[in-house]
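The following exercises are to be worked with the sequence and the 3D structure at hand. Each task is followed by a solution in steps.

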Amino acid sequence: MKKFAFVGAVASLALIVGCGTATQQAKQETPKEAKPMAKEEKPKKKLSKKEKFKIALANQDKWQKACSNPIQLVPEGIDIETFKKEMLATVKFPEGGPIGKDVKRGEKLFGDPKKGGKSRRGNCYACHCGDPSIIACGNIGPSLRGYAKRGIDPKDTYIRIYNSWAVNPCSVMPRLGYHGVLKPEEIADIVAYMHDPNSPLNK
Ligand code: HEC
């Protein structure tokens, strides 16, 4: 019995070692100079996270690049006033101006982190507090409770949401309009919600 067990163990060991060598060989057999495979045989190359990151890094726009410099505090080689001016120039307003009509939709867009159809949401609570009844709120950005009481021009609120870098270059606040995450009309509705004295945000 013992002998059989021993033989079995040796056999499985050989199998393991054998397999190991086979994979090693397979690795060695795909050197760079290997003949290119026919087009249809080529396996679809799945990009690793690292590769995707590399591509994204290479495709940064001039402004993102400036903000990604290791010093971070002052964008390299870009004058701050020029930076803001050029970011401001990207801001597009909807026909009806910076204050929308649909406060309810604004409230939804402000709060809902889910993607809805083609329109994605503002996800503001990820970084800000707002409606006091919503206690699961972030503190990466300042609290927006009582926002309208501060007498901020709604146009400035619109600009901030559309492209926060027009106000504060390199802010971590996403450039929601600039990147097309929110449409101008959607941003205007968020502005309407934020400036409505009756919205829970301002209670
Ligand atoms: C990833 C985090 C993040 C998200 C998401 C985010 N913000 Fe911000 N926001 C910030 C940070 C950080 C600041 C402060 C820095 C700055 O001035 O840009 C800020 C600043 C602001 C300000 C100026 C606040 C003040 O006290 O003057 C407003 C208004 C604002 N955000 C609105 C919004 C709205 C509305 C949304 C959702 C549509 C939103 N933010 C989504 C991070 C975020």
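**Exercise 1. Two helices that cross**

How closely do the axes of helix 5 and helix 7 come, and at what angle do they cross?

Solution. The model is a predicted one, in which local features need pLDDT of at least 70 and side-chain atom pairs count only at pLDDT 80 or more, while totals for chains, interfaces and linings use all residues. Residue numbers start from 1 along each chain as its sequence is written.

Step 1. Locate helix 5 at residues 103–111 and helix 7 at residues 184–195. Helices here are DSSP runs of H or I with at least four residues, and strands are runs of E with at least two, numbered from the N terminus.

Step 2. Compare the axes, which are lines fitted to C-alpha atoms over the stretch in contact, with angles from 0 to 180 degrees between N-to-C directions. The axes of helix 5 and helix 7 come within 7 Å and cross at roughly 100°. Helix 5 is therefore roughly perpendicular to helix 7 (65 to 115 degrees; under 35 is roughly parallel, over 145 roughly antiparallel, and the rest oblique).

Step 3. List the residues that meet, two residues being in contact if their C-beta atoms, placed from the backbone, lie within 7 Å. Helix 5 contributes V103, R105, G106, E107, L109 and F110, and helix 7 contributes E186, D189, I190, A192 and Y193.

Step 4. Sort this contact by residue class: six residues are nonpolar, one is polar and four are charged. In this scheme Ala, Val, Leu, Ile, Met, Phe, Trp, Tyr, Cys and Pro are nonpolar, Asp, Glu, Lys and Arg are charged, and the others, Gly among them, are polar.

**Exercise 2. The covering of helix 7**

Determine which residues of helix 7 are buried and which helices they pack against.

Solution. Step 1. Helix 7 has 12 residues and reaches 16 Å from its first C-alpha to its last, close to the expected 16 Å (1.5 Å times one less than the number of residues).

Step 2. Apply the burial criterion: a residue is buried if 20 or more other C-beta atoms, placed from the backbone, lie within 10 Å of its own, exposed if 12 or fewer, and partly exposed in between. Helix 7 is mostly covered, with 10 of its 12 residues buried. The buried residues are E186, I187, A188, D189, I190, V191, A192, Y193, M194 and H195; they pack against helix 5 and helix 6. In the protein chain of 203 residues, 22% count as buried.

Step 3. Take Y193 in helix 7 as an example. Y193 counts as buried because 29 C-beta neighbours lie inside 10 Å. Leaving out residues up to four places away in sequence, Y193 touches V103, G106, E107, F110, S199 and L201. K101 is 92 residues from Y193 along the chain, yet their C-alpha atoms are separated by 9.1 Å.

**Exercise 3. Loop residues**

Which of G177 and G180 is buried, and which is exposed?

Solution. Step 1. Both G177 and G180 lie in the loop between helix 6 and helix 7.

Step 2. G177 is buried, because 23 other C-beta atoms lie within 10 Å. G180 is exposed, because 9 do.

Step 3. Beyond four places in sequence, G177 is in contact with V91, I161, Y162, N163, L182, P184 and I187. The C-alpha atoms of G177 and V91 are 7.6 Å apart, across 86 residues of chain. G180 and Y162 are 18 residues apart in sequence and 8.9 Å apart from C-alpha to C-alpha.

Step 4. Turn to backbone angles. N123, in the loop between helix 5 and helix 6, has a positive phi of about 55° although it is not a glycine. N123 is buried, with 20 other C-beta atoms within 10 Å. C170, in the loop between helix 6 and helix 7, is also not a glycine and has phi near 75°. C170 counts as partly exposed, because 18 C-beta neighbours lie inside 10 Å.

**Exercise 4. The ligand shell**

How many residues surround the ligand, and which are the closest?

Solution. Step 1. There are 22 residues around the ligand, the closest being G122, C124, C127, G141 and S171 (a C-beta atom, placed from the backbone, within 6 Å of the molecule).

Step 2. By class, the shell has 13 nonpolar residues, eight polar and one charged. Helix 6 (residues 154–162) supplies the largest share, three residues.
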